[in-house]
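Here is a short tour for anyone opening this structure for the first time. Keep the picture at hand as you read.

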Amino acid sequence: MKREISYLHAINEALDEALKEDPAVFLMGEDIGIYGGGFGATRGLERKYGRERVRSTPISESAITGVAVGAAMTGLRPVIELQFSDFITIAMDQLVNQAAKIHYMYDGKFSVPLVMRMAAGAGTGAAAQHSQSLENWMAHIPGLKVVQPATPSDAKGLLHAAIADNNPVIFYEHKLCYSMVEEVPAGKYVIPLGKAEVKASGTDVTVIATGVMVHRALAAAVQLRHQGISVEVVDPRTLVPLDEKTILNSVRKTKRVMIVTEAVKNSGFGAELAAIIAESEIGLTLLTPIKRLGGAFTPIPCAQELETKAIPQEGTIVTTIMEMFK
Amino acid sequence: MTQTIQNKAKLDDQALIHLLEKMWSIRFFEETLERLYKEGEIYGTMHLSIGQEATAVGSASLLKETDWMTSTHRNHGHSLAKGTSMYAMFAEILGRRTGTSGGKGGSMHIADPSVGNLGSNGIVGGGFPIATGAALTAKMQKTDQVVICYSGDGATNEGSFHEALNLAAIWKLPIIYFIENNQYGMSSSIHEMTAIERLSERSLSYGMKGITIEGNHLLRVIDTTYDAIQHVKSGQGPVLIEALTYRHRGHSKSDSGLYRSVEETKAWQDKRDPITQTETLFLARGLLTNDVLLERKQALKTQVEKVAERAKQDPRPETAALFTHVYAE
């Protein structure tokens, strides 16, 4: 029998399984107890595991992160929640100067097995300070791993991998994905970090999409099939480590590539992907120039008609791909 | 076992003499670094704690090896007092493969988990949350460990100080925040950068016990730290200690000392030096004779210099080390 659950439920299930399996795992964050966290991902866990292991904190993102670093260095495996990924800026010193560097700076004497979970992205009218996609900042820092699951089953398997990892892992959950439902295996399973997935097979063009853009790319692929264009959709799933092989294999086959991220296009991760392809041996074999779609170079506005224009939509993906075949 | 000088930790004469020797060895370690720096042997900068030896020795020496500490850019005294190998520290600061971090850390990033040294930090205030996290582990795993988090006066104006102390207080964590108020954050007098007289007053706003002491009195540091350890171990929550002291040298190697008077520095050096004060006390109370003191001191100095020479002979890191330990397995 198929068991379908939401992305949010899948995350809750992974946290539940990890808490059950390993006494060193504990959760920390603002309002993660009775309230269940900003979006409900930790609902019911405080009652099940107690307030020691499902630890509600004051509004102190820097301390939440830094305390997790110290706890991780001394034998625990903290999984922390920042309610909105925008708040990572407050925790930045503890993440970038401490968590990311401790293993290297002390030559392997300590490791920092912590997971920072956060709700990211636009599409909810939350405006400029609650809607950003800053994952590229994190991908730029040696020592951090960056995960961006798009589907419920990926979210669960990748979260298990993140918790088992001995490094700081930044785990971006997209707000618009929380309510998405699909079949998710019961019980613990692990999707290794650094494995991209071909979400739809095609032969004419590769679309590399991250986060909620995976779903928009898949919907665009269905539309384009009717126009006679066969689209392959590749989801890297983790930005660091990055599965370059799967990405290059797809582009080698289709010889056309479009990259779509929700994050602001300028200096974004899409540029990194484009450069990897351009620098590779297939760079000169492409039939059309590499195309990037990304967020507008503006803060995210609140009003829906403005917000929609700030972020790539299914329609923009379709039009852009069609232009590649003119 | 003779205990001539009363102290709460019940340290006998031999134990106290040993602490004086630790203070000497920290002083000689840093004086040797100064010489090596002048000779062009050290790449990068360093921050010396000369003049602050009593705060490090009087507190870290009361910890067990399994207790944790975190320190700052000015960590040499704390690291040595906690038991970190002097040889490995020389090697680290000289950029040698045999250093505490294989040469990757340098003076500001000394760590040794085998003696409870959780690492010194180059970001001012960076250690507050990390030390608090170690105390959380101790509490959650019910290990009876204590954590000492060292910082300077300037760090108490960082946001991380406020966030971490508040958290430690509400969770009653076994941690001592030990502030060495050496009067200056780089060139800025603490009196110009805060509007309160005593930094320990800040503990009140967290519902935490706080105390200000004369940090250059070894026995005062011992007694205060001893009380603080008992307090945090009994589950009553963290303690904030402000120890008044003075750094004889500049902030780092770039400091030309324009912000304080020669007279001020000289007064602290001549009248309030922690080592001289301890020597005077021990001589007066008959723990040592002057001859023995001078003899031991000279022997220790020679020994420290030999350790530095040995580290100097060690190989530098291989290029491959650049890429190791970026990520943990």
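## Before we start

Two strands count as paired if DSSP finds at least two bridges between them. Helices (H or I, at least four residues) and strands (E, at least two) are DSSP runs, numbered from the N terminus.

This is a predicted model, where local features need pLDDT of at least 70 and side-chain atom pairs count only at pLDDT 80 or more, while totals for chains, interfaces and linings use all residues. Residues are numbered from 1 along each chain as its sequence is written, with chains lettered from A and ligands numbered from 1 in the order in which they are written.

## A covered strand in chain A

Let's begin with β2(A), residues 25-29. It has parallel neighbours: five bridges join β2(A) to β4(A), residues 77-82, and three bridges join β2(A) to β3(A), residues 54-56. Val25(A) has Arg77(A) as its bridge partner in β4(A), and Leu27(A) has Val54(A) as its partner in β3(A).

Is β2(A) mostly covered or mostly open? Mostly covered: five of its five residues are buried, a label that takes 20 or more other C-beta atoms within 10 Å of a residue's own (exposed is 12 or fewer, partly exposed is in between, and C-beta atoms are placed from the backbone). In a regular strand the side chains alternate between the two faces of the sheet. Here Val25(A), Leu27(A) and Gly29(A) point one way, Phe26(A) and Met28(A) point the other way, and all are buried.

## Two domains in chain A

The domain assignment splits chain A into domain 1 (4-183) and domain 2 (197-324); such bounds come from an automatic or database domain assignment. Their C-alpha centres lie 26 Å apart.

The two do touch: 25 residues of domain 1 of chain A are in contact with 24 residues of domain 2 of chain A, where contact means C-beta atoms, placed from the backbone, within 7 Å. On the domain 1 side, the elements giving two or more residues are α6 (135-139), β6 (145-147), α7 (152-164) and β7 (169-174) of chain A. That side divides into 13 nonpolar, nine polar and three charged residues. For this count, Ala, Val, Leu, Ile, Met, Phe, Trp, Tyr, Cys and Pro are nonpolar, Asp, Glu, Lys and Arg are charged, and the others, Gly among them, are polar.

## Helix α8 of chain A

Why does the span of α8(A), residues 213-226, agree with what it should be? At 1.5 Å a residue, its 14 residues should span 20 Å, and the end C-alpha atoms are indeed 20 Å apart. The expected span is 1.5 Å times one less than the number of residues.

Buried residues of α8(A) include Met213(A), His215(A), Arg216(A) and Leu224(A). Among the elements covering the buried residues are β10 (205-209), β11 (231-235) and α12 (314-324) of chain A. Just after α8(A), Gly228(A) takes a positive phi of about 85°.

## Chain B and where the chains meet

In chain B, six strands form an open sheet in the order β2-β1-β3-β4-β8-β7, with parallel pairing. The edge strands, β2 (117-120) and β7 (209-214) of chain B, each pair on one side only. Further in, β3(B) (147-152) and β4(B) (175-181) pair over six bridges, and Cys149(B) has Tyr177(B) as its bridge partner in β4(B).

The contact between chains takes 34 residues from chain A and 33 residues from chain B. On the chain A side, α3(A) gives the most, with nine residues. That side divides into 14 nonpolar, 16 polar and four charged residues.
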